[in-house]
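Biologist: Could you take me through the ligand's surroundings, step by step? I'm new to this, so please explain the terms as you go.

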Amino acid sequence: MIDAARANLPVGTGAASWRHRHLLDVDQLSREEVERCLDLAAELRALRERGERMDTLAGHVIGLAFAEPSTRTRVSFEIAATALGGQVVTLPFEASSTTKGESLVDTLLTMERTGVDTIVLRHAASGAPYLVARTTGLRVVNAGDGTHAHPTQALLDALTLRDALGSLQDRVIAIIGDIGHSRVARSNMHLLATMGATVRLAGPRSWTRGFEQWPGVEAHADLEQALSGADAVMALRVQLERQAGGGVPNLHEYTARWGLDERRLTLARPGAPVLHPGPTNEGVELTAELAAGSRSLIGRQVANGVALRMAVLSLLAS
Ligand code: CP
């Protein structure tokens, strides 16, 4: 049995407290805090691979409230909390009293009153996790809010990139595609800049406009320029469900102009890995061969999601 202190070993040096009650976005984290979270995730990953039992979350009740669809994030949070000895309760939004008009805050207050102490929330409204953090006593983990932020995705991406590249300092990471609708892109832009990397964005102009103002970010009108010499390339899903205002190009045209394939990747650093947060529109953002090939870290991203979310839940509970 590994106890909480052991499971928190890399957190480290005496006082293992974490100054944040919530994880709302990565812009709240210093570089040292990001490193500490990634180090802890790597340690927990190793302990889990060795089959060690951990009870860091014994006595904790973690609520999963996903008001938007999810596979990777929801499953990995459930496995992460369970692997740490926590109890998990899932709110089925579509079968809950929200369908009778109960508000999000009242719904989550009800969960708090029944004993939930930490809520993992995905919601279509940007800012919803901030509202819940302000108006309830729950610890809140943002599992994706609207187009705003997806902090655990950015952290697991950083873990995956760090495994592949070592330090992210002075690395060039190209992010290609539907930046404008992407909470993953926004959290990654914050986090990669914090870690000393340069982010190159490329995609249809209406999806990249304005992002050149972000610190550490270059916006390119040309895919080839963005890929040139890049240390890693991340493709983003074309978010068909968020195109109410128009702007989605014909998917065939999108793939022809912005889709990743082996030939285009020759512009990047030799062997540069390819990432995608998932789910993919198969064959649209990158070819099926690239997604399943030796340069693809897509499977590693999903697997790292468990250890990274174990680390986040441990830190918030510490
Ligand atoms: N990347 C991501 O958030 O995937 P899910 O929507 O499947 O959780």
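Modeller: Here is a walk around the ligand, followed by a look at the largest pocket. This is a predicted model, so local features need pLDDT of at least 70 and side-chain atom pairs count only at pLDDT 80 or more, while totals for chains, interfaces and linings use all residues. Residues are numbered from 1 along each chain as its sequence is written, and side-chain values use heavy atoms, with hydrogens and water left out.

Around the ligand you'll find Ser70, Thr71, Arg72, Thr73, Arg122, His150, Gln153, Pro277 and Gly278 (a residue counts if one of its heavy atoms lies within 4 Å of the molecule). Now for the polar contacts, meaning pairs of N or O atoms within 3.5 Å. A backbone N or O atom of Thr71 sits 2.9 Å from a ligand oxygen. The side chain of His150 also has an N or O atom 2.9 Å from an oxygen of the ligand. Gly278 uses a polar backbone atom, 3.1 Å from a ligand nitrogen. Taken alone, the ligand exposes 260 Å², and the protein buries 91% of that (areas by the Shrake-Rupley method with a 1.4 Å probe).

Next, the largest pocket holds about 400 Å³ of space. A pocket here is an open set of points on a 1 Å grid over the protein atoms alone, where a 1.4 Å probe fits, with protein on both sides within 12 Å along at least five of seven lines; lining residues have an atom within 4 Å of a point. The volume is the space filled by probe spheres set on those points. Of its 20 lining residues, the closest to the centre are Arg122, Arg183, Arg237, Gly278 and Pro279.

Terms used:
A polar contact is a pair of N or O atoms within 3.5 Å; within protein, one must be able to donate a hydrogen and the other to accept it, and residues adjacent in sequence count only if both atoms are side-chain atoms.
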